[in-house]
Amino acid sequence: MRDSLPLSLLALLSLLSTTVNVLAVPSAVSGQSIPIIRRSRVPQNDKDLAAWAQKHKAYIEAKYGFSKPTEKRANGLNLLTDLQFDSSYFGSIAVGTPPTTFNVILDTGSSDLWLSTSTSESTSRQGQDNIPQYNPSLNDTFSIQYGSGAAKGVLGKDTVQFSGFQVTGQTFGLVTQTTAQLLSTPLSGLMGLAFEDIASSGATPFWQTLVNTPGTLDSPLMAFQLSRYTNVTDAQPLEPGGTFNIGAVNSSLYTGDIDYQNTPDGSPGYWILELTSMSVQGNSISLPSGEGAWAAIDTGTTGVGMPAEIVQNIFAQVPGSQPAGGQFDGYYTYPCSTNIDAQVGFGNSSNRWTISSADFAFQQLEDGSCLGAFFELPSSSGTTTPPIIIGDTFLKNVYSVFRASNPPSVGFATLSSTAVSLNGADGPVPLPTIVSSLSGVNPTSTGVSVGTGGQNNGASSTTNGVHVAGLAVSLLTAVAPLLLW
């Protein structure tokens, strides 16, 4: 039986007495609600699921190229939406004056912000007619690959708001051409949260502008808690997806210490850790060392991509598993009745992090077998692309923190009981919100200068509790399938 919303809300609201960073919600949306109608999860046949799996695999290969202010907001929050049973997680930004909100994938595996434009052309318009689109003033050309296709357009600049912060003159991609199914309702684009070094646009990412502006953030970090609905039979295509924080961590969502590990020397502009240990069913998996074990920690990826020999060794530990082949080439199947015990470790840490059996499987196939979430990637030899991509299959199991220290580091912590209780819980999906007071910065040709406006809320680098703003707003109702990111 799934937890009811009132019980979850009571549990979360009980923490708010110590909350120090509350976003203001416009009166026009505060307290509104739309009734939730539950229905059975629609099963997918193998043909549809195969297309889903291969688009995910193709996306990873294409994405990684295989073959000081007067006043400031110290930290901010963006509540996430879980799309299509943990396939993707998105938040909201606002662009322009007056601001218009857009839903965007929050992706630590890329560095570009881009939006579909009102002049967009596509080989297929299916699923795109109802998404908000940006009306641009056009500039330089822009091109980036996602999934089984590509997005092309131009670069423009405008004011962008995100998680209580505002950057004036943010450069971003304006997508005017897309291949079929690249975007679907309710998504309008993607916000990259990796480093400028790998930005196709050459633009400084929004988050990095904040980090580069002294006094803007309490701490130079971003943190994620991702919810799980893949094993919930009556899950809806849109569900509450978790929490994104910038400038602070949310201490109510994890327990113990955050185990930070530095990115390896010489690694490119991804959030990379060295995968140093892995076991499946209690058996150690042989791993390469050094660059051969570099793994991108990627919130924009659903599963886990690895070199073929590692994936083969993983499934060799699972009785009854076999290569899926055919339309599922690169994947493995195994009996759904098998409980999977999988653990991973990173860097010099002695910690081992468990991947739940529910996350080890993508979905059940028509023959009753399960499709594994670990899939084969081609060799990345001779490129700067990390050979291992670790996505939400792992990240749903930990509280993850991306810290722009010197060197940069990625940290994991054990999820708290509060965070775990959000998995599969009934609740409204948050509407995009525009806060009433913002901290503003302005990138210039000579660096980053501080803009005007904003409000110092006195928040520290640790936020206790869950923001009222996200609990008060209502759910987003538009639903459509999305190409896996």
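**Exercise 1. In this predicted model, which residue's charged end sits over the ring of Tyr260, and how far is it from the ring centre?**

Step 1. Look above the ring of Tyr260. The charged end of Arg403 sits there.
Step 2. Read the distance to the ring centre. For Arg403 this is 3.7 Å.
Step 3. Apply the distance cut-off. NZ of Lys or CZ of Arg has to be within 6 Å of the ring centre.

**Exercise 2. Classify the pair Phe315 and Tyr332, and place both residues in the chain.**

Step 1. Choose the descriptors. A pair of aromatic rings is described by the distance of the centres and the angle of the planes.
Step 2. Take the values. The ring centres of Phe315 and Tyr332 are 4.7 Å apart, with the planes at 5 degrees.
Step 3. Compare the angle with the cut-off. Planes under 30 degrees apart count as stacked, so Phe315 and Tyr332 are a stacked pair.
Step 4. Locate the partners. Phe315 belongs to helix H4 (residues 308-316) and Tyr332 to strand S18 (residues 328-335). With these positions 17 residues apart, the pair links distant parts of the chain.
Step 5. Check burial. Phe315 and Tyr332 are both buried.

**Exercise 3. Do the same for Tyr334 and Phe360.**

Step 1. The centres lie 5.6 Å apart and the planes make 75 degrees. This pair is edge-to-face.
Step 2. Tyr334 is in strand S18, and Phe360 is in helix H5 (residues 357-360). They are 26 residues apart.
Step 3. Tyr334 is buried, as is Phe360.

**Exercise 4. How many aromatic pairs does the structure hold, and which residues form one aromatic cluster?**

Step 1. Count the pairs: the structure holds 21.
Step 2. List the cluster: Phe162, Phe195, Phe206, Trp207, Phe224, Phe244, Trp271 and Phe402.

**Exercise 5. Describe the surroundings of strand S15 (residues 294-297).**

Step 1. Examine the faces. Trp294 and Ala296 lie on one side, Ala295 and Ile297 on the other. All are buried, and both faces are covered.
Step 2. Find the antiparallel partner. Strand S13 (residues 272-280) joins S15 through three bridges. Ile272 has Ala296 as its bridge partner in S15.
Step 3. Find the parallel partner. Strand S24 (residues 388-390) is joined to S15 by three bridges. Here Ala295 has Ile388 as its bridge partner.

**Exercise 6. Where does pLDDT fall below 50, and how many contacts does that stretch have?**

Step 1. Start with the whole chain. The average pLDDT is 79, and 71% of the residues score at least 70.
Step 2. Find a weak stretch. Residues 119-128 have pLDDT below 50, with 28 contacts beyond near neighbours in sequence.
Step 3. Add another. Residues 444-460 stay under 50, with 48 contacts beyond four places in sequence.
Step 4. Interpret. Where pLDDT is low, the predicted coordinates should not be read in detail.

Notes:
Residues are numbered from 1 along each chain as its sequence is written. This is a predicted model: local features need pLDDT of at least 70, side-chain atom pairs count only at pLDDT 80 or more; totals for chains, interfaces and linings use all residues. Side-chain values use heavy atoms; hydrogens and water are left out. pLDDT is the predictor's confidence in each residue, from 0 to 100. Contact means heavy atoms within 4.5 Å. Rings of Phe, Tyr and Trp (its six-membered ring) pair if their centres lie within 6.5 Å; planes under 30 degrees apart count as stacked, over 60 as edge-to-face and the rest as tilted. Helices (H or I, at least four residues) and strands (E, at least two) are DSSP runs, numbered from the N terminus. Buried means under 20% relative accessible area, exposed over 50%, partly exposed in between (1.4 Å probe, protein chains only). A charge sits over a ring if NZ of Lys or CZ of Arg is within 6 Å of the ring centre and within 35 degrees of the ring normal. Two strands pair if DSSP finds at least two bridges between them.
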